[in-house]
Structures are given as structure tokens and as C-alpha cells.
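User: Could you take me through one part of this protein in detail? I'd like to follow a single strand and see what sits on either side.

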Amino acid sequence: MIVDNDFSGDPDGLFQLAHHLASPSVEIPFVIGSHIHTGDFLDGSTRQPENAVGKVRELYATMRLPGQPPVIAGRGTALSNGELPDMTEAARGIIAEATRTDTKLPLYYAAGAGLTDLATALMLAPRISRNLKLVWIGGMEHGDLLPGVPPRHDAEYNLTIDTVAAQWVFNHSDVEIWQVPRNVYRQLIVSHAELGGGLRDAGKLGTFLIRQLERVTALMKDGLGETYILGDSPLVTLTALQSSFEPDSASSAYVVRPTPRLADDGRYIANPNGRPMRVYQTIDTRLTFADMVAKFAQVGRVQ
């Protein structure tokens, strides 16, 4: 599994990565630290991927791990229409992993932010499309899958990090997509009181993660209330926490439908001939959070 996330942005990615690192069922050859929006309030610098790499290394220092996957800084900016991007270290790593012949294990690409680095690799080596599955936290709601939830019309954060990259993956590649759209990743809501209690036994790891949440709260004039959405955690649920017999994300509901095309504004354009994709409707939050807390207590370094 390749993990790609904006670790200098929303700290939910750090929770996800720590959870994946603590899960013995997955092998992570490397981690990609990716960019967010230019001037983003969470990291307004011009070194977002490098800052993401630094955050991952800080995380590693709080955990007892048998090994630490290499961390690569992704491309620093979004793609432009008509651009054939240069080869990057991240793209080279993705292509190499997707063309391995020494393993029969499936390759998942777990992405919790934009899709710049995956799209770059696919543009440069389209042949890898059928060699991996993308599990992506991102994209707007699907209007016909919103029972009891009013539709939203504003753009979705992870999509707009790099709309061109998302369009390439949806519209031009053959990659199988498991999508967790906005209304579904927002189901991963947890109270600060619950998190504080759950991370009490996680040592330096727990302290580090709580401080990352406090950093974000301090940036908000009126605070963030009593809860936080750990929206990247479904990446763990749908991969590391699959069922044992007939492995699959058995406790999280999804539908299979033709992959739509993405418009410039992020809306879906029906494509009846599109390749099959999964759109998740619910995530097993009980399994996710209970497993996360138990594993963090096992791997967190003592104070």
C-alpha cells in the first residue's frame, strides 16, 4: 500500500498514517507527503510537501515500529490542463511499485488529499492503471445517494487541491476507484472528550496527535466546538480492516456503478460505459475507532 496525504495540513492524515503503521496486515513501501491549496490556512508556505515529510518524521519518533517506511515529498503544485508533467521521485516510486513482479499482493493507493502524484504517474506510465486500486477520500456527494441529507453545492476540499489530477484519474485512466465522498468521510466524527480518553494510554503518540488537533483549533477564531472529523480514517477501515474470510470491506456499505466523468466544477457527469467503481455510503466507525485506540496504546512510546 502506498500512502499519500497532506500531512502538514489537516491532522486527520497523521491519525490515518499512524493507524496504518500500527496495522500488521499492510506493507507500506513508502509514504508520500503531498501539497494542499496555495496559501492554505493550515500551511501557507511554499514547502508543503517538505513540511509534510517533516510531520511524518515527527510522528515516527513517537511510535515503536519495527521499520519506518521512507517518506517522499510529492510535487509541490497542482497540475495544469494540457501539461505533461516531469518525472518526480514520487511518480517514479509509484510506477516502480505498480510494475513489481515479485509479489502477488494487491496494491492499494490510499490517498487522503489531492491526486497530483498519482495522476502524474498515470500520465507518464498509463500501463500501470490496471495494477492498483485507488482508495480516495474526496469528491462531492452523489445526489442519488443522499437519503435524508440535504445536497451541498460547494466544491469539495480534496478535489479542489488538484481538479485536473482528479479529472485525469476519473476521465482518462483505467484505475479502479473506491471513493469515500464528502458526506461519507464526515461520518468519522469523534468528540474531543472521547479522543482525549482514548489516547490517554498512547504515550508520546497520543500527546503528539492531540497537539496537532490543538494547533488547528488555535487557528480558528471561534474554535471548533466539541468534535473533530477524522475523515481520512476510512483509508484504514477499507484496507487493513477487511474481513478475514473472503477479504473485503464487509462492514462498510457501498454501491458499484460506472465511473462518472468529472466536470471542471467537480460535479459528476454520467458515463454509462465507464469502468466499475465503488462509492461508499457508510463506514464502520465502531470498528475504526475501537481498533485505532487499541493499536495506538500498543505502539505509542512511553512518556
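Analyst:

**A close look at strand β6**

Happy to help: strand β5 (residues 133-137) pairs with β6 in the parallel sense, over five bridges. Please keep in mind that this is a predicted model. One pair to find on your screen is Trp136, whose bridge partner in β6 is Gln179.

Strand β6 itself covers residues 176-180 and is mostly covered, with four of its five residues buried. Buried here means a relative accessible area under 20%.

Now look across to strand β12 (residues 276-280), which runs parallel to β6 and is joined to it by two bridges. Here Trp178 has Arg278 in β12 as its bridge partner. As a general point, strands of a sheet pair through backbone hydrogen bonds, either parallel or antiparallel.

Going back to β5, we can step on to strand β4 (residues 108-111), which pairs with β5 in the parallel sense over four bridges. In that pairing, Ala110 stands opposite Val135 of β5.

These strands belong to an open sheet of eight, in the order β3-β2-β1-β4-β5-β6-β12-β9, and its pairing is mixed. The edges are taken by β3 (71-73) and β9 (254-258); each has a single partner strand, so one side of each is left without a neighbour in the sheet. From one strand to the next, the twist averages 20 degrees.

So, to place your strand: β6 has β5 on one side and β12 on the other in the sheet order.

Terms used: Residues numbered from 1 in each chain as written. Predicted model: local features only at pLDDT ≥ 70, side-chain atom pairs only at ≥ 80, totals over all residues. Heavy atoms only, no water. Buried < 20%, exposed > 50% of the residue type's maximum accessible area, 1.4 Å probe, protein only. Pairing = 2+ DSSP bridges. Axes fitted to C-alpha atoms, helices over the stretch in contact; angles between N-to-C directions.
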